[in-house]
Amino acid sequence: MFPNGWPGRGLLLLRLGAGIVLTHDGVAEMLTAPEGHGIIWQSLATIGGVLLLVGLFTPMAGVLTVIVELWTAISRADNLRICIMLAVVGAALAMLGPGSWSLDAWLFGRKRIDIGDR
């Protein structure tokens, strides 16, 4: 879906909020973690965050966010609230779509087909 107006702005805010947190946490964890420790999961979180920020492949990025955050919540106990919240926002974005202010809308958006009189 590619809603305009206030619903589109709301989806933009959800995407930006989740994308910024995912990208920041992923990059910060990769820079401070011991070598090879969780680097794959943090790379996936960073990729998902960047995709959500720009609104590209949003349903897949939302599902990726859910998987990464649930794995993070199960594997370590710190920041459980943030993991659950990001998983919920990722699931909501996967179901609702990116909104009209996204690369998905620009690349794959609504198509208008005019059927003329014959």
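Hi everyone. Let me start with a bit of vocabulary: Ala, Val, Leu, Ile, Met, Phe, Trp, Tyr, Cys and Pro count as nonpolar, Asp, Glu, Lys and Arg count as charged, and the others, Gly among them, count as polar. We will need those words in a few minutes. Please also keep in mind that what you see above is a predicted model.

Let's begin with the overall picture. The protein chain has five helices and zero strands, so to read along the sequence is to follow the pattern α-α-α-α-α, with helices numbered from the N terminus. The C-alpha trace spans about 70 × 25 × 20 Å along its principal axes. There are 118 residues in the protein chain, and 36% of them count as buried. The exposed surface comes to about 7700 Å², with carbon and sulfur atoms supplying 71% of it. Now think about contacts between residues at least 6 apart in sequence: 72% of these join residues at least 24 apart.

Next, the inside. Which residues make up the largest nonpolar core? There are 10 in all: Leu11, Ala18, Leu22, Ala45, Leu52, Ala61, Val68, Leu86, Val89 and Leu93. The helices α1, α2, α3 and α4 each give two or more residues to this core. Leu22 is a nice one to click on. If we leave aside its neighbours within four places in sequence, Leu22 is in contact with Ala45, Thr46, Gly48, Gly49, Leu52, Thr65, Glu69 and Leu86.

Right beside Leu22 in the numbering is Val21, which lies in helix α1. Is Val21 buried, exposed or something in between? Its relative accessible area is 31%, so Val21 counts as partly exposed, because buried means under 20% and exposed means over 50%. Not counting residues up to four places away in sequence, Val21 touches Ile82 and Leu86. Val21 and Gly49 are 28 residues apart along the chain, and their C-alpha atoms are separated by 7.4 Å.

Leu86 has come up several times, so here is another pair that includes it. Leu70, found in helix α3, is 16 residues from Leu86 in sequence and 9.1 Å from it in space, C-alpha to C-alpha. Leu70 is partly exposed, with a relative accessible area of 43%.

Now for the pocket, where our vocabulary comes in. How much space lies in the largest pocket? About 230 Å³. It is lined by 16 residues, and the closest to its centre are Asp25, Gln42, Thr72, Arg76 and Asn79. By class, the lining has seven nonpolar, four polar and five charged residues. At least two lining residues come from each of α1 (5-32), α2 (39-54), α3 (58-75) and α4 (80-96). Which helix gives the largest share? That is α1, with five residues.

Let me finish with two loop residues. Asn79, which we just met by the pocket centre, is found in the loop between α3 and α4. Asn79 has a positive phi of about 55°, although it is not a glycine. Phe57 sits in the loop between α2 and α3, and it also has a positive phi, about 50°, without being a glycine. Phe57 is partly exposed, with a relative accessible area of 36%.

That's my tour. Thanks for listening!

How values were computed
Residues numbered from 1 in each chain as written. Predicted model: local features only at pLDDT ≥ 70, side-chain atom pairs only at ≥ 80, totals over all residues. Heavy atoms only, no water. 1 Å grid on protein atoms, 1.4 Å probe; cavity = no way out; pocket = protein on both sides within 12 Å on 5 of 7 lines; lining within 4 Å. Points joined across faces, edges and corners; volume = space filled by probe spheres on them. Helix = DSSP H or I, 4+ residues; strand = E, 2+ residues; numbered from the N terminus. Core = buried A, V, L, I, M, F, W, Y, C linked by side-chain atoms within 4.5 Å. Buried < 20%, exposed > 50% of the residue type's maximum accessible area, 1.4 Å probe, protein only. Contact = heavy atoms within 4.5 Å. Areas by Shrake-Rupley, 256 points an atom, 1.4 Å probe, with all protein chains shown as cover.
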